[in-house]
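Reader: Please take a close look at one part of this model, the surroundings of the ligand. I would like the contacts set out residue by residue, with the distances.

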Amino acid sequence: MKAIIYSKYGNPEVLQMKDVEKPVLGDNEVLVKIYVASVNSWDWDLLRGKPYLYRLIFGVFKPKHKIIGCDIAGRVELVGKNVKHLKAGDAVMGDISECWGGFAEYVCVPERLLTLKPSELSFEHAAAIPQAGVLALQSLQKSITVKSGDKVLINGAGGGVGTFALQIAKSLGAEVTCVDSYQKLEMLYNLGADHVIDYKQEDFAEKGSRYNLIIDVIANHSVFAYKEALLPNGRLVVIGGTIPCLLQVGLLGSLLSFNDNRKLGILIHEPNEGLDLLLDMIKKGDVKPVIDSIYTLKDVPIALQRLGDGKAVGKIVIKVSEYNDV
Ligand SMILES: NC(=O)c1ccc[n+]([C@@H]2O[C@H](COP(=O)([O-])OP(=O)(O)OC[C@H]3O[C@@H](n4cnc5c(N)ncnc54)[C@H](OP(=O)(O)O)[C@@H]3O)[C@@H](O)[C@H]2O)c1
């Protein structure tokens, strides 16, 4: 099968398209022919092995996973003898970041990582949803119940996670402020943002506005600045950001949250948890994936560079195989 592989951390040039052995099916696994994958910022991090702390998990000197790619949509070709819920021919989707391998024509994964693809959803849209959509949903669900009229701020709103978080927050009736670079602000308005802030011109934490929920995919403020920007009972949910900031929120954030009704925390992503609920919102039309661009498998390095350069508006999708079903 064709796959994009790498054997050392680096820039997208270290990726090569090669013919490799098709994976061997385990008893609890399903073999999926991948039609479409999508690019996530985790792929970018894994490609470069940065932040360096990630190497403790993903390989200290060289990457443990030779094929990256964590969001997939495709069809089941074979199932292992212990597989109970899926069968050959099923159209499936899921975040397979537990085992990786999405930038390839085939992957073997445990069935619990996959969900049946709703027939009304295209494979392109299905591949764009799992990781970013679920991170967005979990950031709005786990620490607070967002209600109509709540003020929500999303820092880094124009990327994969933010475009989902904005739409989910709007569907719950929140008043949403989106922070991102100037080029993405019009798209964010069109998607329903009530207010937008160009982070290169203004610092949301210095404006004096306060929020019930701050979702931050790019966390780069001090815990004190975050706390000042929260209303009583407000929550900060950090999804990603610089290591010093993550450490500060993780360590100092819990101390500062003690005896205070404003809480600061980091979201620990649980892959695919809540995906069914998100798919219901998508079927109702409350949320739709924002597709930045579509590339083929051989152009994964270009697609990753586009994400790394901050040019993507929403999700970048990779057409892995030719297919003519829906
Ligand atoms: N918590 C977990 O368990 C978990 C699991 C998986 C992934 N993650 C994290 O989840 C995050 C996913 O983000 P994503 O996929 O939405 O990323 P993305 O698609 O790269 O979007 C990030 C957005 O932030 C904007 N941005 C950059 N610098 C900014 C700044 N200083 N202020 C405000 N906005 C800024 C970028 O725009 P410009 O570049 O144009 O400025 C871009 O639009 C990543 O941080 C990833 O590491 C967390």
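Author: The model is a predicted one. A good place to start is His-269, which is buried because its relative accessible area is 17%, under the 20% cut-off. His-269 sits in the loop between strand S13 (263-266) and helix H9 (275-284). Its side chain makes a polar contact with the side chain of Asp-95, at 3.0 Å. The backbone of His-269 faces another partner: one of its N or O atoms lies 3.0 Å from an oxygen atom of the ligand. The protein covers 83% of the accessible area of the ligand, which on its own has 940 Å².

Two further residues have polar atoms at short listed distances from the ligand. For Asp-180, an N or O atom of the side chain is 2.7 Å from a ligand oxygen atom. For Gly-159, the atom concerned is a polar backbone atom, and the distance to an oxygen atom of the ligand is 3.5 Å.

Next comes the shell as a whole. The ligand is surrounded by 23 residues, and the closest are Val-161, Asp-180, Ser-181, Tyr-199 and Leu-267. By type, the shell residues divide into 12 polar, eight nonpolar and three charged. Domain 1 (2-129 + 289-319) and domain 2 (132-266) each supply at least three residues of the shell. Among the secondary structure elements, those that give two or more residues to the shell are helix H1 (41-48), H4 and helix H5 (160-171). H1 gives the most, with three residues.

Of these helices, H4 can be described further. Helix H4 covers residues 130-141, and its 12 residues at 1.5 Å a residue should span 16 Å; the end C-alpha atoms are 16 Å apart, so the expected span and the model agree. H4 is mostly covered, with 11 of its 12 residues buried. The buried residues run from Pro-130, Gln-131, Ala-132 and Gly-133 through Val-134, Leu-135, Ala-136 and Leu-137 to Gln-138, Ser-139 and Leu-140.

For a contrast in burial, consider Gly-250, a residue of helix H8 (residues 243-257). Gly-250 is partly exposed because its relative accessible area, 34%, falls between the 20% and 50% cut-offs. Gly-250 and Leu-264 are 14 residues apart in sequence, and their C-alpha atoms are 8.1 Å apart in space.

Methods:
Residues numbered from 1 in each chain as written. Predicted model: local features only at pLDDT ≥ 70, side-chain atom pairs only at ≥ 80, totals over all residues. Heavy atoms only, no water. Helix = DSSP H or I, 4+ residues; strand = E, 2+ residues; numbered from the N terminus. Expected span 1.5 Å × (residues − 1). Buried < 20%, exposed > 50% of the residue type's maximum accessible area, 1.4 Å probe, protein only. Near = heavy atom within 4 Å. Polar contact = N/O pair within 3.5 Å; in protein donor to acceptor, adjacent residues only side chain to side chain. Areas by Shrake-Rupley, 256 points an atom, 1.4 Å probe, with all protein chains shown as cover. Nonpolar A, V, L, I, M, F, W, Y, C, P; charged D, E, K, R; others polar. Domains from an automatic or database assignment.
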